[in-house]
Amino acid sequence: MFRIHATILLILAAASLGCGSGEPTLIPGRSPTIPVQGKITLEGTPIEGATVMFFSEKLKITSYGKTDATGQYELTTYEPGDGAPIGRYQVSVKKTEQKIIKESDHPALPPKSQTSELLPPQYSDYESSELKAVVSEGGTNSFLFNLMP
């Protein structure tokens, strides 16, 4: 019995020594990411609450962020604020508003609602958006997009 307890303690001690080494942890199946941030404006005015999406056709991956009151965003791919993998991206920016147009007649059914686009529609889809970005190692990886109507 003593040997079992001693073996378990030895395994736990060895496992705790491997934690907190300061080295980045590479997770199999995930591309390493680089911090990416930027700002979204519409005719020079910061946009709050817009969703920014970076899509890589080559990597088949999407990184995303949400703008704050100053239009600033930072991207997330796997963990909050971890950035995006190195590569070329097509960028979309979308902000919608949903209004209830009719309350439901039944408590188990949702009300009828209507969704409105609050930004020029050409930016809402990466295929129609002409916004592009290149995330590179050693680059600034800060992207300002000034949207025009």
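## A tour from the surface to the core

Start by selecting K99: its relative accessibility is 48%, so K99 counts as partly exposed. On this scale, buried means under 20% relative accessible area, exposed means over 50%, and partly exposed is in between, using a 1.4 Å probe and protein chains only.

Before moving on, note that this is a predicted model, where local features need pLDDT of at least 70 and side-chain atom pairs count only at pLDDT 80 or more, while totals for chains, interfaces and linings use all residues. Residues are numbered from 1 along each chain as its sequence is written, and side-chain values use heavy atoms, with hydrogens and water left out.

**Stop 1: the charged pairs**

Keep K99 and add E97: their side chains meet in a salt bridge, 3.9 Å from N to O. The term covers a side-chain nitrogen of Lys or Arg within 4 Å of a carboxyl oxygen of Asp or Glu. E97 is partly exposed too, at 34% relative accessibility. How many salt bridges does a search of the whole structure find? The search turns up 4.

Next, select E117 and K94, whose side chains form another salt bridge at 3.9 Å, N to O. E117 sits in strand β8 (residues 112-117) and K94 in strand β6, so this pair ties together parts 23 residues apart in sequence. Helices (H or I, at least four residues) and strands (E, at least two) are DSSP runs here, numbered from the N terminus. Both ends are partly exposed: E117 has a relative accessible area of 40%, and K94 has one of 36%.

Now go to R30 and E79, where the closest N and O atoms of the salt bridge are 3.3 Å apart. This one links distant parts of the chain: R30 is in the loop between α1 (2-17) and β1 (37-42), E79 is in the loop between β5 and β6, and they are 49 residues apart. R30 is partly exposed at 33% relative accessibility, and E79 is partly exposed at 43%.

**Stop 2: the open sheet**

Switch to cartoon and pick out β4, β3, β6 and β9. These 4 strands form an open sheet in just that order, with antiparallel pairing. Two strands count as paired if DSSP finds at least two bridges between them. Why does one side of β4 and of β9 lack a neighbour in the sheet? β4 (61-66) and β9 stand at the edges, each with a single partner strand, so one side of each is left open. From one strand to the next, the twist averages 30 degrees; axes are lines fitted to C-alpha atoms, for helices over the stretch in contact, and angles run from 0 to 180 degrees between N-to-C directions.

Zoom in on β3 and β4, an antiparallel pair with 6 bridges. They make a hairpin with 4 residues between them, and K60 in the turn has a positive phi of about 55 degrees. Try clicking across the pair: T51 has K66 in β4 as its bridge partner, and F55 stands opposite T62. On to β6, joined to β3 by 5 bridges and also running antiparallel. There, F55 has Q90 as its bridge partner.

**Stop 3: the aromatic cluster**

Show the side chains of F54, Y73, Y89, F143 and F145, which form one aromatic cluster. The whole structure has 6 aromatic pairs. Rings of Phe, Tyr and Trp (its six-membered ring) pair if their centres lie within 6.5 Å; planes under 30 degrees apart are stacked, over 60 edge-to-face, and the rest tilted.

F54 and Y73 make a tilted pair, 6.4 Å centre to centre with 55 degrees between the planes. F54 lies in strand β3 and Y73 in strand β5 (residues 72-74), so the pair ties together parts 19 residues apart in sequence. Both of these residues are buried.

Swap Y73 for F145: F54 and F145 are edge-to-face, 6.4 Å centre to centre with 70 degrees between the planes. With F54 in strand β3 and F145 in strand β10, this pair links distant parts of the chain, 91 residues apart. F145 is buried, as is F54.

**Stop 4: the core**

Finish with the largest nonpolar core, which has 22 residues; I40, F54, Y73, F143, F145 and L147 have the most contacts inside it. Such a core is a set of buried Ala, Val, Leu, Ile, Met, Phe, Trp, Tyr and Cys residues joined through side-chain atoms within 4.5 Å. β3 (51-56), β6 (87-94), β9 (131-135) and β10 (142-147) each supply at least two of its residues.

Last selection: F143. Leaving aside neighbours within four places in sequence, F143 is in contact (heavy atoms within 4.5 Å) with residues including V36, F54, Y73, A133 and V135.
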